[in-house]
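Me: Here is a protein model that I am getting to know. Please take a close look at one part of it with me, and then show me how that part sits in the whole.

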Amino acid sequence: MGIPGDTAGLQRFFDGAWVFSRSIWGADAQLQAQASGECDFTQVAPDLLRYCEQGTLQMMQGRPIAFTRQFDYRFDADGVMVSFADGERIGQPYQRYALDGNQLAPVAEHLCGADCYTASYLFESARQFQLQTWIRGPHKQSRLLTTYQRPSASRA
């Protein structure tokens, strides 16, 4: 399978196991932390994949921290809606994206208090994509870059 050309292809593209690495920069463009781990997109309904990640976050100063996170990806003809699938915001929308060529572009930004979150996905190959997230506001100024790759023993 290649880079997705429509939302049905997008759902098939995401489905399955991935490994990821993440870098987090602060407002001063200094690297604050790095993370790595494994994740999986699992079909839970015909139009819904549940994203589950687990990994280790290493702050530039401090001890490693284990973490987990879950999101629901609901696909329709126009794109994908990502919602929180764990924590206190379970079921609440996070961000909506539209497929635009080899990327998923944000349709709207997500507000968390006064801070604004926006992100985009770039599909680089059948086995790799990137998610870039920007957080801007009075409380947070960060940029996150996550690179996802299929594990070598996984299907494409």
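The part I would like you to walk me through is the strand that holds Gln95.

Reply: Happy to. This is a predicted model, so local features need pLDDT of at least 70 and side-chain atom pairs count only at pLDDT 80 or more, while totals for chains, interfaces and linings use all residues. Residues are numbered from 1 along each chain as its sequence is written, and side-chain values use heavy atoms, with hydrogens and water left out.

Let us start with Gln95 itself. Its place is in strand β6, which covers residues 93-100; helices and strands here are DSSP runs, numbered from the N terminus, with H or I over at least four residues for a helix and E over at least two for a strand. Gln95 is buried, because its relative accessibility is 2%. For that label, buried means under 20% relative accessible area, exposed means over 50%, and partly exposed lies in between, with a 1.4 Å probe and protein chains only.

Two polar partners are listed for the side chain of this glutamine. The side chain of Tyr97 makes a polar contact with that of Gln95 at 2.6 Å. On the side of Tyr117, the backbone oxygen is 3.3 Å from a polar atom of the Gln95 side chain. A polar contact is a pair of N or O atoms within 3.5 Å; within protein, one must be able to donate a hydrogen and the other to accept it, and residues adjacent in sequence count only if both atoms are side-chain atoms.

Now for the wider surroundings, where contact means heavy atoms within 4.5 Å. With neighbours within four places in sequence set aside, Gln95 is in contact with Val80, Met81 and Val82, with Pro106, Ala108, Glu109 and His110, and with Tyr117, Thr118 and Ala119.

Tyr117 deserves a stop of its own. This tyrosine belongs to strand β9, residues 115-125, and counts as buried because its relative accessible area is 12%. Its side chain makes a polar contact with the side chain of Lys140 at 2.7 Å. Leaving out neighbours within four places in sequence, the contacts of Tyr117 include Gln95, Tyr94, Glu109 and His110, and also Cys112, Trp134, Ile135 and Lys140. Glu109 and His110 are among the contacts of Gln95 too. From Tyr117 to Tyr94, there are 23 residues in sequence and 9.0 Å in space, C-alpha to C-alpha.

If you follow β9 to its end, you come to Ala126, in the loop between β9 and β10 (128-136). Ala126 is partly exposed, because its relative accessible area is 22%. The C-alpha atoms of Ala126 and Gln149 are 9.1 Å apart, with the two positions 23 residues apart along the chain.

How does this part sit in the whole? The protein has 1 helix and 11 strands, and along the sequence the helix comes ahead of the strands. The radius of gyration is 15 Å, close to the 15 Å of the globule rule for 156 residues, so the protein is as compact as a globular protein of that length. That radius is taken over C-alpha atoms, and the rule is 2.2 Å times the number of residues to the power 0.38. The C-alpha trace spans about 40 × 35 × 30 Å along its principal axes. Of the 156 residues, 40% count as buried.

The helix, α1 (residues 7-14), is mostly covered, with 6 of its 8 residues buried. Those buried residues are Thr7, Gly9, Leu10, Gln11, Phe13 and Phe14. At the N-terminal end, Asp6 acts as a cap, with a side-chain oxygen 3.3 Å from the backbone nitrogen of Ala8. After α1 comes Gly16, with a positive phi near 115°.

Two residues from the early strands round off the tour. Ile24 sits in strand β1 and is buried because its relative accessible area is 15%. Ile24 and Ser142 are 118 residues apart along the chain, yet their C-alpha atoms are separated by 6.9 Å. In the loop between β1 (16-25) and β2 (31-45) you will find Ala29, which has a positive phi of about 65° although it is not a glycine. Ala29 counts as exposed, because its relative accessibility is 59%.
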